[in-house]
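Subject: Structure for you to look through

Dear colleague,

I am handing over the structure we spoke about, and I would ask you to keep it open while you read. My notes on what was found follow below it.

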Amino acid sequence: MSLPILKAIGIIHSPYQQPQDTPIQSSRSTAEGWVEVFPEYAEGLEGIEGFSHLILLYVWHRAPSEVCLKVKPFLADFETGLFATRFPCRPNPIGISVVRLLERQGNRLHIHGVDVLDGTPLVDIKPYVPEFDVFSPERIGWYEQVK
């Protein structure tokens with residue numbers, strides 16, 4: 001199967017330089033950062049300031065190249081399958097974060113809740129819409145044991 005090649009549409013800037021310094025999820029981050037959308041994609045930001053939260057899709061550009069199908073979640077002391085986690089050593093190192101949009105200045109988005117390394121390549125932005133993005137889960141897998 002042929003897949004499209006992903007293009008970076010921008011760069012995420014954060015205070016984090018080393019992987020061990022990043023929060024484990026955007027919901028646990030109090031850090032601010034900014035998203036620089038490349039000028040050729042800036043027109044696509046029209047209307048984005050109407051949303052309080054954004055979903056950022058990015059590439060873990062410094063993730064280990066080795067794929068680990070069994071991993072120890074950051075919050076747990078046991079192993080589980082990679083796809084039951086958000087661990088970065090994936091066949092396709094794609095990450096996702098939900099951040100608060102504080103302000104738009106042209107092609108720059110000032111955000112709160114950043115949890116990625118400075119210089120992370122951004123591949124997409126989607127608006128966070130509660131009617132589409134909030135569910136009441138019946139099961140939360142291994143996380144039930146550690147929360």
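A residue is called buried when its relative accessible area is under 20%, exposed when that area is over 50%, and partly exposed in between. Phe51, with a relative accessible area of 31%, is therefore partly exposed. Please bear in mind throughout that this is a predicted model, and that what I describe was computed from it.

Phe51 sits in the loop between β2 and β3. Leaving out residues up to four places away in sequence, Phe51 touches Leu101, Pro127, Tyr128 and Val129. One of these partners is far off along the chain, since Phe51 and Pro127 are 76 residues apart in sequence, yet their C-alpha atoms are 6.5 Å apart in space.

The loop between β2 (32-37) and β3 (53-59) also holds Glu49, which is partly exposed because its relative accessible area is 48%. Apart from its neighbours within four places in sequence, Glu49 is in contact with Leu101 and Arg104, and with the side chain of Arg104 the side chain of Glu49 makes a polar contact at 3.1 Å. As for Trp34, it lies 15 residues from Glu49 in sequence, and the two C-alpha atoms are 14 Å apart.

Is Thr85 buried or exposed? Its relative accessible area is 9%, which is under 20%, so Thr85 is buried. Thr85 belongs to the loop between β5 (80-81) and β6, and its side chain has polar partners in the backbone: a polar atom of that side chain lies 2.7 Å from the backbone oxygen of Leu82, and the side chain also reaches the backbone nitrogen of Phe87 at 3.1 Å. When residues up to four places away in sequence are not counted, Thr85 touches Val71, Pro73, Thr80, Arg90 and Trp142.

Leu6, by contrast, is exposed, because its relative accessible area of 53% is over 50%. You will find Leu6 in the segment before β1 (10-13), where, beyond residues up to four places away in sequence, it touches Ile94 and Val123. The C-alpha atoms of Leu6 and Val59 are separated by 9.5 Å, although these residues are 53 apart along the chain.

Turning to the interior, the largest nonpolar core has 20 residues, and those with the most contacts inside it are Ile12, Val35, Leu54, Leu56, Leu109 and Ile125. At least two residues of this core come from each of β2, β3, β6, β7 (108-112) and β8 (120-127), with β3 giving the most, namely three residues. Ile12 is worth selecting in your viewer: setting aside residues up to four places away in sequence, the residues it touches include Trp34, Val35, Leu56, Tyr58, Val114 and Leu122.

Lastly, there is the largest pocket, which has a volume of about 1300 Å³. Its lining is made up of 41 residues, and Ile24, Gln25, Arg86, Phe87 and Asp115 lie nearest its centre. The elements that give two or more residues to this lining are β3 and β6 (94-105), and the largest share, five residues, comes from β6. Which kinds of residue form the lining of the largest pocket? They divide into 24 nonpolar, ten polar and seven charged.

With best wishes

Technical notes: Residues numbered from 1 in each chain as written. Predicted model: local features only at pLDDT ≥ 70, side-chain atom pairs only at ≥ 80, totals over all residues. Heavy atoms only, no water. Helix = DSSP H or I, 4+ residues; strand = E, 2+ residues; numbered from the N terminus. Buried < 20%, exposed > 50% of the residue type's maximum accessible area, 1.4 Å probe, protein only. Contact = heavy atoms within 4.5 Å. Polar contact = N/O pair within 3.5 Å; in protein donor to acceptor, adjacent residues only side chain to side chain. 1 Å grid on protein atoms, 1.4 Å probe; cavity = no way out; pocket = protein on both sides within 12 Å on 5 of 7 lines; lining within 4 Å. Points joined across faces, edges and corners; volume = space filled by probe spheres on them. Nonpolar A, V, L, I, M, F, W, Y, C, P; charged D, E, K, R; others polar. Core = buried A, V, L, I, M, F, W, Y, C linked by side-chain atoms within 4.5 Å.
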